[in-house]
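User: I'd like to talk through this model before I head back to the bench. Can you take my questions one at a time?

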Amino acid sequence: MARVALVTGGTRGIGAAISKALKAAGFSVAANYGGNDEVANAFKAETGIPVFKFDVGDFDATAAGIAKVEAELGPVDVLVNNAGITRDGFFHKMTKDQWSAVIRTNLDSLFNVTRPVWEGMRNRSFGRVIVISSINGQKGQMGQVNYSAAKAGDLGFVKALAQEGAAKNITVNAICPGYIGTEMVRAIDENVLKTRIIPQIPVGRLGEPEEIARIVAFLASDDAGFITGSTISANGGQAMI
Ligand code: NDP
């Protein structure tokens with residue numbers, strides 16, 4: 001039986017590349033999404049990967065969504081916490097709503113999604129939890145105090161939970177992408193990208209979603225059993241951390 005992988009925010013951007021890479025690696029994949037039905041249905045039609053709509057910021061909705069995934073595909077063996085949003089603004093102008101939305105979707109979600117699958121992983125003595133954090137959680141980024149705080153929180157979550165999972169053969173790791181060419185980054189003014197962002201990246205280009213997906217596929221594999229509590233940076237040399 002194929003192992004089951006759940007990818008949150010798995011219908012577009014980095015998450016879509018992750019869903020496809022895990023399917024290609026032989027996993028039975030479920031792709032979660034938040035609200036964009038049109039994109040999710042197109043992704044499902046293109047890939048044959050089933051999609052599940054629930055808000056990872058909402059504990060009860062997530063528990064119900066995961067129950068559906070497990071009823072259809074079986075218990076989740078590999079969880080990729082990828083869903084994320086930005087609500088940028090300088091701190092002196094940041095509203096409580098901008099703060100809360102980002103903490104809820106990027107940090108509360110780790111509790112909401114991981115908690116319902118953790119017991120099953122412990123009982124079956126196997127699990128892979130992979131969290132997509134960010135370079136900006138490692139180094140901080142002006143205009144993103146909310147996002148940097150949430151993504152740094154993700155790294156603390158990984159390091160603590162990895163210690164709890166180790167004896168049960170569950171690994172917990174984080175990937176910190178730099179600038180990857182998804183809608184999140186393409187929303188940035190093209191001139192700003194060319195003149196201010198790409199010059200900060202020694203390899204001279206944005207990363208591709210598939211370059212993150214390949215790291216996830218490796219971390220999900222049996223070959224990665226000795227890697228846990230780690231943070232893997234994939235940022236084209238932008239920050240050597
Ligand atoms: P996108 O904006 O392209 O896609 C985000 C995905 O997350 C979508 O599938 C979206 O669903 C889903 N999502 C958003 N909010 C929720 C929610 N509340 N519940 C369920 N699903 C939700 O993002 P990226 O692919 O660019 O980013 C993926 C991850 O990588 C994020 O965690 C991001 O912070 C991180 N990252 C991205 C970088 C980049 O350069 N792009 C750099 C570093 C980290 P829907 O389509 O329904 O809205």
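Analyst: Sure. One definition to start: two strands count as paired if DSSP finds at least two bridges between them. Also keep in mind that this is a predicted model.

User: How many bridges join strand S1 to S2?

Analyst: S1 covers residues 4-7, and it runs parallel to S2. One facing pair is Leu 6 opposite Ala 30 in S2. Pairing takes at least two bridges, and the number joining S1 to S2 is four.

User: Is S2 largely enclosed or exposed, and why?

Analyst: In a regular strand, side chains alternate between the two faces of the sheet. Here Ser 28, Ala 30 and Asn 32 point one way from S2, while Val 29, Ala 31 and Tyr 33 point the other way, and all are buried. Because six of the six residues of S2 are buried, the rest of the structure leaves S2 largely enclosed.

User: Which residue is the bridge partner of Asn 81 in S5?

Analyst: Strand S4 (residues 78-81) pairs with S5 in the parallel sense, over four bridges. S5 spans residues 127-132, and six of the six are buried, so S5 is largely enclosed too. Gly 127, Val 129 and Val 131 point one way from S5, with Arg 128, Ile 130 and Ile 132 pointing the other way. The bridge partner of Asn 81 is Val 131.

User: Which elements give two or more residues to the shell around the ligand?

Analyst: There are 30 residues around the ligand, and Gly 9, Gly 13, Gly 34, Asn 36 and Gly 84 come nearest. Two or more residues come from each of these elements: helix H1 (13-24), strand S2 (28-33) and helix H7 (183-186).

User: How many residues of that shell are charged?

Analyst: Of the shell residues, 15 are polar and 12 are nonpolar. The charged ones number three.

User: What radius of gyration does the protein chain have, and what would a compact globule have?

Analyst: The C-alpha trace spans about 50 × 40 × 35 Å along its principal axes. Of the contacts with a separation of 6 or more, 70% are between residues 24 or more positions apart. A compact globule of 241 residues would come out near 18 Å, which agrees with the chain's value of 17 Å.

User: Which residues does UniProt list for "domain: Ketoreductase"?

Analyst: That label comes from an unreviewed UniProt entry. The span it covers is 53% helix and 18% strand, and its end C-alpha atoms lie 29 Å apart. The listed residues are 3-178.

Definitions and conventions: Residues numbered from 1 in each chain as written. Predicted model: local features only at pLDDT ≥ 70, side-chain atom pairs only at ≥ 80, totals over all residues. Near = placed C-beta within 6 Å. Nonpolar A, V, L, I, M, F, W, Y, C, P; charged D, E, K, R; others polar. UniProt positions renumbered as here; feature names shortened; annotations may be inferred. Rg over C-alpha atoms; globule rule 2.2 N^0.38 Å. Contact = placed C-beta atoms within 7 Å. Buried ≥ 20, exposed ≤ 12 C-beta atoms within 10 Å, placed from the backbone.
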